[in-house]
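This report describes a ligand site and some features of the backbone. The sequence and the structure are shown first.

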Amino acid sequence: MATILGIESSCDETSASICKDGKILSNIIANQTVHHKYGGVVPELASRAHQQNIIPVVQEAIAAAKISKKDVSAVAFTRGPGLLGSLLVGTSFSKAFALANSIPLIEVNHMQAHILAHFIDQPKPKFPFLCLTVSGGHTQIVLVKDYFEMEIVGETTDDAAGEAFDKTAKILNLPYPGGPLIDKYAREGNHLAYTFPEPQIQGLDFSFSGLKTAILYFIRDNKKLDEAFVENNLADICASVQYRIITILLNKLKKAAREYNISDIAIAGGVSANSGLRNILQEAAGQYNWNVFIPAFEYCTDNAAMIAIAGYYKFLARDFVGQDISPLARMSF
Ligand code: KG4
Ligand code: ZN
């Protein structure tokens, strides 16, 4: 019997979750709205908001799971990668909770946790599978051999896919985070209205910085001709940009599936909430005979349920860390 308290505080969501014997009993997320007007996450404000949110979020997670804090067997927390000040809040809280309750402490890699979110609900992927992990800070193709045996076989050489969405939104004067808004407007638009370039990058790696520049120049040039160009064509612009981003992702995924001869394909991370990506992947499943695994919406963007489930598997392996642990802004597998 194992009841894990999961803590996530790597960026701008403060989250706590209770996982009992591999089943998620609660997943409480406090979103920080303070960043919207700045066009991106302000690290100092994020740390302060985590500090305010962490205790109430944990109390709510424990209450919603209908357990007492004395029932918790171990506390699992995001050690990295993420914003250092944000990670410090979750790490310090977790250490204090573990110490006060004399229970073990479990470190979790945030990107591995996004992938392990696939082990919360049925159907669960079978090893080995490929996972496209797309978030605000990462874009990776990961060969997942076991719960904690993962190999990054491709990754972005510059911007992440989520950044491409967020920076496009900024160019279009849409608030942060732009991904969900571009997704929303794209549903009403024609994805073939405008053509944006596909970067010619070798192997399984990605590049999104050229696309960002192309979008910037495209908007600038069109606004010279028509001041209201963005307002009048917002849905078509969003649909065309989104189509380019998701086809870049899909083309590399197809290449990886061929190279590794793997047909179990998963997506994870905030951008996996994108409806265009989810649809194009379902189509690819039919076309290439893939078994596709798409997470439930609540487990796409940052959440503590994924930390708690990762913590559960580490608990089974008795993989604990000491009180001298400190957060890591950069942390690979
Ligand atoms: O995984 P996540 O919540 O945080 C990080 O670990 O970075 O991912 C956040 C990213 C942001 O860039 C956000 O714009 C993007 O995920 N995102 C989306 C959608 N929902 C969130 N991008 C495209 N379409 C969406 N529906
Ligand atoms: Zn994330």
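In this predicted model, a polar side-chain atom of Asn-274 lies 3.0 Å from a nitrogen atom of ligand 1. Two oxygen contacts of the ligand also involve side chains: an N or O atom of Asp-166 is 2.6 Å from a ligand oxygen, and one of His-114 is 3.1 Å from a ligand oxygen. The three contacts are listed below.

| Side chain | Atom of ligand 1 | Separation |
|---|---|---|
| Asn-274 | nitrogen | 3.0 Å |
| Asp-166 | oxygen | 2.6 Å |
| His-114 | oxygen | 3.1 Å |

On its own, ligand 1 has 550 Å² of accessible area, and the protein covers 90% of that area. The space that ligand 1 takes up is the largest pocket. Three elements each give two or more residues to the shell around ligand 1, namely α3 (110-116), α4 (161-171) and α5 (178-186).

Ligand 1 is surrounded by 18 residues. The closest of these are Gly-136, Asp-166, Asp-183, Asn-274 and Asp-302. Asp-166 and Asn-274 thus appear both in this closest group and among the polar side-chain contacts given above. Sorted by class, the shell holds ten polar, five nonpolar and three charged residues.

Where does ligand 1 lie with respect to domain 1 and domain 2? Domain 1 is made of two segments, 3-115 + 302-316, while domain 2 spans 125-294. Ligand 1 lies between the two domains, because both give residues to the shell around it.

The backbone has some features of its own. Most peptide bonds are trans, and most residues other than glycine have a negative phi. A cis peptide bond joins Gly-80 and Pro-81, with omega at about -5°. Pro-81 is placed in the loop between β4 (74-80) and α2 (84-101). Gln-122 and Pro-123 are also joined by a cis peptide bond, and here omega is about -10°. The loop that holds Pro-123 runs between α3 and β6 (129-134); α3 is also one of the elements that contribute to the ligand shell.

Ser-102, a residue other than glycine, has a positive phi, near 50°. Its place is in the loop between α2 and β5 (105-109).

Key: Residues numbered from 1 in each chain as written. Chains lettered and ligands numbered in written order. Predicted model: local features only at pLDDT ≥ 70, side-chain atom pairs only at ≥ 80, totals over all residues. Heavy atoms only, no water. Near = heavy atom within 4 Å. Polar contact = N/O pair within 3.5 Å; in protein donor to acceptor, adjacent residues only side chain to side chain. Areas by Shrake-Rupley, 256 points an atom, 1.4 Å probe, with all protein chains shown as cover. 1 Å grid on protein atoms, 1.4 Å probe; cavity = no way out; pocket = protein on both sides within 12 Å on 5 of 7 lines; lining within 4 Å. Sits in = over half its atoms within 2 Å of the grid points. Helix = DSSP H or I, 4+ residues; strand = E, 2+ residues; numbered from the N terminus. Nonpolar A, V, L, I, M, F, W, Y, C, P; charged D, E, K, R; others polar. Domains from an automatic or database assignment.
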